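Me: I have a new model open and want to walk through it. Can you help me find my way around?

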Amino acid sequence: MCCFSGHVVPRSGWKAVNPRIRTEMKVPAQTVIVHHTALWSCVQPCDSLSQLVHIQNMHMHERGFDDIGYNFLISGDGTVYEGRGWGVVGAHAKEHNFDSVGIAFMGNFNDEMPTCASLTALHGLLRFGQLSGHFRHDFVLVGHRDVGKTECPGEHLYSALPKVKEQLKTPY
Ligand SMILES: [Zn+2]
């Protein structure tokens, strides 16, 4: 398995605007919810940067969220981008935001397959969250469709999640 450097591109790296309000999570996350953005695939940084700006703008101005909804986003080249980040309540899964972390894969996974690099990045991010106490040690990884009425995160990404779960059981 290829390795994840642990590096997360901070908000300043994609020129995020400041959130209107930032609500801290009171407990470590019990659930990690995987989403897809259902937008264009991101194989190069320029695709990702324009998509991040687009999503934040859409979430804040069309949906009325206080910030980009997700805690993290992962591009096809395996780069992890900070959304709301660690310890902040997101807006990505109704009724589950206060005890979950939302991670969105950038692309539409009804059509495309998640790349090995992006799945490795997810695995690395989950390991980091586990080791640094952002998640409960017995946290569960689910797809958005497991907790809401939606196709998200797309068939191909959803089918890839059991393997990621399996890998998390093995010691680092
Ligand atoms: Zn979703």
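**Helices and sheet**

Reply: Start with helix α2. It lies across β1, β2, β3 (72–74), β4 (80–82), β5 (100–105) and β6, and runs at about 150 degrees to β6. Keep in mind that this is a predicted model.

Me: Which other helix lies across β6, and at what angle does it run?

Reply: Helix α4, residues 155–169. It lies across β2, β5 and β6, at about 160 degrees to β6.

Me: Back to α2. How far apart are its end C-alpha atoms?

Reply: They are 22 Å apart. Helix α2 covers residues 116–131, which is 16 residues. At 1.5 Å a residue the expected span is 22 Å, so the two values agree.

Me: Which residues of α2 are buried?

Reply: A long run of names: S118, L119, T120, A121, L122, H123, G124, L125, L126, R127 and G129.

Me: And what does the backbone do just after α2?

Reply: G133 takes a positive phi there, about 80 degrees.

Me: Now the sheet. What is the strand order?

Reply: β1-β4-β3-β5-β2-β6. It is an open sheet of six strands with mixed pairing. β1 (8–9) and β6 (135–143) stand at the edges. Each has a single partner strand, so one side of each has no neighbour in the sheet.

Me: How do strands pair in general?

Reply: Through backbone hydrogen bonds, either parallel or antiparallel.

Me: How does β2 pair with β6, and how many bridges join them?

Reply: They run parallel, with five bridges between them. Strand β2 is residues 29–36. One bridge pairs T31 of β2 with V140 of β6. I33 has V142 as its bridge partner in β6.

Me: What about β2 and β5?

Reply: Also a parallel pairing, over six bridges. The partner of V34 in β5 is I103.

Me: Is β2 buried or exposed?

Reply: Seven of its eight residues are buried, so β2 is largely enclosed by the rest of the structure.

**The zinc ion**

Me: Which protein atoms are the donors of the zinc ion?

Reply: ND1 of H35, ND1 of H144 and SG of C152. They lie 2.0 to 2.3 Å from the zinc ion.

Me: What spacing do the donors follow along the chain?

Reply: H-x108-H-x7-C.

Me: Are H144 and C152 buried or exposed?

Reply: Both are buried.

Me: What kind of peptide bond joins C152 and P153?

Reply: A cis bond, with omega at about 10 degrees. P153 sits in the loop between α3 (144–147) and α4.

**Loops**

Me: Switching topic. Where is N97, and is it buried or exposed?

Reply: N97 is in the loop between β4 and β5. Its relative accessibility is 12%, so it counts as buried.

Me: What does N97 touch?

Reply: V89, G90, A91 and H92, not counting residues up to four places away in sequence. A polar atom of the N97 side chain also lies 3.0 Å from the backbone nitrogen of A93.

Me: And D67? Where is that one?

Reply: In the loop between α1 and β3. D67 counts as buried, because its relative accessibility is 3%.

Me: Which residues is D67 in contact with?

Reply: R11, V17, P19, Q56, H59, M60 and R84. That leaves aside neighbours within four places in sequence.

Me: What is the phi of K15?

Reply: Near 60 degrees, a positive value in a residue other than glycine. K15 is found in the loop between β1 and β2. The relative accessible area of K15 is 72%, so this residue is exposed.

Me: And what about the phi of A38?

Reply: Near 60 degrees, a positive value, and A38 is a residue other than glycine. A38 lies in the loop between β2 and α1 (45–61).

Me: Why does A38 count as partly exposed?

Reply: Because its relative accessible area is 40%. The partly exposed class lies between under 20% for buried and over 50% for exposed.

Conventions
Residues numbered from 1 in each chain as written. Predicted model: local features only at pLDDT ≥ 70, side-chain atom pairs only at ≥ 80, totals over all residues. Heavy atoms only, no water. Helix = DSSP H or I, 4+ residues; strand = E, 2+ residues; numbered from the N terminus. Expected span 1.5 Å × (residues − 1). Buried < 20%, exposed > 50% of the residue type's maximum accessible area, 1.4 Å probe, protein only. Donors = N, O, S within 2.8 Å, 3.2 Å for Na, K, Ca; no water. Pairing = 2+ DSSP bridges. Contact = heavy atoms within 4.5 Å. Axes fitted to C-alpha atoms, helices over the stretch in contact; angles between N-to-C directions. Polar contact = N/O pair within 3.5 Å; in protein donor to acceptor, adjacent residues only side chain to side chain.
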